[in-house]
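Thank you all for coming; I would like to take a few minutes to walk through one structure with you. Please have a look at it first, and then I will go through the ligand, the empty spaces and a few backbone details.

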Amino acid sequence: MSHKRKVLVIFGGKSSEHEISRISAASVIKNIDTEKFEVAMLGITKEGKWLPYNGDVEMIPTGQWEELSLKSRVQVLGEKDNLINYLSDCKTNFSGIDNIDVVFPVLHGCNGEDGTIQGFFELASIPYVGCGVLGSALCMDKVYTKMVFEKIGIPQARHLHFTRKEIERDISQISDKIEAEFDYPVFVKPSNAGSSVGVSKASNKNELFRALNYASRYDKKVMVEEFINGREVECAVLGNDEPIASIVGEIVPSNDFYDYKAKYIDNKSKMIIPADLPKDTVEKVRDYAVKAFKALDCSGLSRVDFFVDKETDAVFINEINTMPGFTSISMYPALWEASGISYGELIERLIDLAVERYEDNKKQIND
Ligand SMILES: Nc1ncnc2c1ncn2[C@@H]1O[C@H](COP(=O)(O)OP(=O)(O)O)[C@@H](O)[C@H]1O
Ligand SMILES: [Mg+2]
């Protein structure tokens, strides 16, 4: 029998995207080629406890995995002592499986997609799927992402940003600055967040005050952007140093904008693949997607999101998601499916890319 590679799938996490991560992870586990891979599972609870799990995959989306894991648990990780033990342990003896070959962190948002857990894998010397520390951290912070977009000349919405302290000190002065720069409506967002959490559209001063206070509950840095009257268009990128772009898809949100409800709750937002756009617009989106991926030091995968102006078809880049939704019906895998790479094959490619980057990094002198 040939050697099966051992993949540790990590799911859950403390972020506001905990639930969607569990659904994505269950899809990954169910679709991984068991002829080639052996899967181990590790869940992170909303409170931040790390729990090895070896039960039924169906219990991951429902949340029942947690109770089952606690019942049969061998060790609880996540507290300082255990975490240090875990570091030295996880390559060799994790939940009964020797030698994890690669980790697949199906985690979204803070602590999962922002470079923190990626740093942990670097310290532990384990190959892992997705972007590294720098790419993850840059893409998580919208203000930094925008600095890089600007540097490489990709058009985007104009913006201003403020600290929570500045907002608390004198919100009227901040709103005057915003009104001097932009017409209403404006978009107000926490710089570090995801899933539209903390994002609002403000159409007058009152709403602006509320939006600034609301966003600053989620991050100490708040970004204000001009409104783009655009269609929402997404492109999947796959690869390391020579990434490729998928065909392009469009999201038609069920709400005024693509807020949390439109993303996850009402199930009425539509995904159109391929997006019905002029050929040169599609090529521009794909070209910008790859350029942005490279400039932000991404690797493995990312979904790059754009607005296409409803009147002029002008393309504006919005953001990069380094661990996009990965359920079998999510945009990222659906775009690859439509581009000729099946869900199962995509998982395998991502694992190969993780190992390839790890081997590549080993080539340099590190001290
Ligand atoms: N400048 C903007 N103009 C128009 N709509 C916007 C703008 N910024 C954000 N939106 C809307 O808000 C949604 C969430 O914003 P986004 O920046 O993508 O944050 P998140 O990381 O939470 O997805 C977008 O999908 C879009 O519907
Ligand atoms: Mg978004």
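I will begin with the ligand and end with the backbone.

Before anything else, please keep in mind that what you see is a predicted model. Let us turn to ligand 1, which is surrounded by 17 residues, and of these the closest are K142, K189, S196, E225 and E232. If we sort the shell around ligand 1 by residue class, it divides into six nonpolar, four polar and seven charged residues.

Three contacts in this shell are worth going through one by one. The side chain of K189 has an N or O atom that is 2.7 Å from an oxygen atom of ligand 1. The other two involve the backbone: a nitrogen atom of ligand 1 has a backbone N or O atom of I228 at 2.9 Å, and a polar backbone atom of Y258 is 2.9 Å from an oxygen atom of ligand 1. As for how much of the ligand is covered, ligand 1 on its own has 550 Å² of accessible area, and the protein covers 97% of that. Looking at the secondary structure, the elements that contribute two or more residues to the shell are the strands β6 (186–190), β8 (221–226) and β13 (315–321).

Why can we say that ligand 1 lies between two domains? The reason is that domain 2 (139–155 + 229–346) and domain 3 (159–226) both give residues to the shell around ligand 1, so the ligand lies between them.

Now to the empty spaces. Rolling a probe the size of a water molecule over the atoms shows where empty space is left. When the whole structure is searched in this way, one cavity of 30 Å³ or more is found, and the volume of this largest cavity is about 60 Å³. The residues that line the largest cavity are P105, L107, G112, E113, Q118, V129, G130, C131, S136, T322 and M323, and by class this lining divides into five nonpolar, five polar and one charged.

Turning from cavities to pockets, I would like to show you the second largest pocket, which has a volume of about 370 Å³. It is lined by 18 residues, and those closest to its centre are D297, C298, S299, R357 and N361. Two or more residues of this lining come from each of α6 (133–140), α12 (279–295) and α14 (343–362), and α14 gives the most, with four residues. By class, the lining of the second largest pocket has five nonpolar, six polar and seven charged residues.

Finally, some backbone details that you may want to find on the screen. Where are the cis peptide bonds I would like to point out? One runs from Y184 to P185, with omega near -5°, and P185 has its place in the loop between α9 (171–181) and β6. Another runs from I273 to P274, again with omega near -5°, and P274 lies in the loop between β11 (270–272) and α12. The last residue to mention is S125, whose phi is near 55°, a positive value in a residue other than glycine; S125 is placed in the loop between α5 (116–124) and α6.

Note on methods. Residues numbered from 1 in each chain as written. Chains lettered and ligands numbered in written order. Predicted model: local features only at pLDDT ≥ 70, side-chain atom pairs only at ≥ 80, totals over all residues. Heavy atoms only, no water. 1 Å grid on protein atoms, 1.4 Å probe; cavity = no way out; pocket = protein on both sides within 12 Å on 5 of 7 lines; lining within 4 Å. Points joined across faces, edges and corners; volume = space filled by probe spheres on them. Nonpolar A, V, L, I, M, F, W, Y, C, P; charged D, E, K, R; others polar. Near = heavy atom within 4 Å. Polar contact = N/O pair within 3.5 Å; in protein donor to acceptor, adjacent residues only side chain to side chain. Areas by Shrake-Rupley, 256 points an atom, 1.4 Å probe, with all protein chains shown as cover. Domains from an automatic or database assignment.
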